[in-house]
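Could you help me learn to read a protein model? I would like to go through it one feature at a time.

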Amino acid sequence: MMRVALMTPAGTAGIAVIQIKGAGSIAAAEKIFRSRQRRQVKLGEEPGRLWLGEIYDEQEPVDQVVVAADSRREEVDINCHGGPRIVQRILLLLQKEGAEVVSWEKMIGGRSIREEVELCLPRCRTRLGVLAIAAQEERGLGAWAAELAGRLERR
């Protein structure tokens, strides 16, 4: 199943990251992306390569973007301008290509506590929030999970 999510906070940054995952993600991105030379490219052929170009809605340019794709993981990151209308338009284009629009939390489901901490830290708005999230791996959720796993092993 192909999913797409806005991975950065909505409306608070100049740049937004939209991530597409799953079978068909690279093909869907290729349908709406054109390189600077206004031609279609094979995004997944060079993992790690960044592509500068534009997202198109048929013949109409939507936004200038930087795209990275990894065919081994069937994953595409689109770095676009962070305005809510542009983000929504790109999400809708990808939905037309068959992607299910989900929350960033659903997109990261099953990741480790460390990965979730790293993703949540940029969303913190206060010093106290940063301290609380940063402590989760060693003294919060991570410690609780390790203690629980130890108790289960002793049974």
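The dialogue below takes up confidence, the core, a helix and one buried residue.

Q: Before I look at details, how confident is the predictor in this chain, on average?
A: This is a predicted model, and there is a general caution to keep in mind: where pLDDT is low, the coordinates should not be read in detail. Here the chain has an average pLDDT of 85, and 94% of the residues score at least 70. Among the elements, strand β7 (residues 100–101) has the highest mean, 96, while helix α6 (residues 141–154) has the lowest, 73.

Q: Next, the inside. How many residues does the largest nonpolar core have?
A: The general idea is that nonpolar side chains in soluble globular proteins tend to be buried together. In this model the largest such core has 28 residues, and those with the most contacts inside it are Ile 18, Leu 43, Ile 55, Ile 78 and Leu 94. Elements giving two or more residues to this core include β2 (15–21), β6 (75–81) and α2 (84–96). The most comes from α2, with five residues.

Q: Which residues is Ile 18 in contact with, leaving aside its neighbours within four places in sequence?
A: Among them are Val 4 and Leu 6, Val 76 and Ile 78, and also Val 87, Ile 90, Leu 91 and Leu 94. Apart from this core lies another one of eight residues, including Met 7 and Ile 108.

Q: Now the helix. Which residues of α2 are buried?
A: A general point first: an α-helix has 3.6 residues a turn, so residues three or four places apart point the same way. In α2 the buried residues are Val 87, Ile 90, Leu 91, Leu 93 and Leu 94. Seen down the helix axis, the buried residues of α2 fall within an arc of 160°, so they line one face. The face turned away from them carries the exposed residues Pro 84, Arg 85 and Lys 96.

Q: How far does α2 reach from its first C-alpha to its last?
A: Its 13 residues reach 18 Å, close to the 18 Å expected at 1.5 Å a residue. Just after α2, Gly 98 takes a positive phi of about 105°.

Q: One last residue: is Glu 75 buried or exposed?
A: Glu 75 lies in strand β6. Its relative accessible area is 11%, so it counts as buried, the cut-off being under 20%. The Glu 75 side chain makes a polar contact with the side chain of Gln 19, at 3.4 Å. Not counting residues up to four places away in sequence, Glu 75 also touches others, including Ile 20, Lys 21, Ser 25 and Ala 68.

Key. Residues numbered from 1 in each chain as written. Predicted model: local features only at pLDDT ≥ 70, side-chain atom pairs only at ≥ 80, totals over all residues. Heavy atoms only, no water. Core = buried A, V, L, I, M, F, W, Y, C linked by side-chain atoms within 4.5 Å. Buried < 20%, exposed > 50% of the residue type's maximum accessible area, 1.4 Å probe, protein only. Helix = DSSP H or I, 4+ residues; strand = E, 2+ residues; numbered from the N terminus. Contact = heavy atoms within 4.5 Å. Expected span 1.5 Å × (residues − 1). Arc of directions from axis to C-beta. pLDDT = per-residue confidence, 0-100. Polar contact = N/O pair within 3.5 Å; in protein donor to acceptor, adjacent residues only side chain to side chain.
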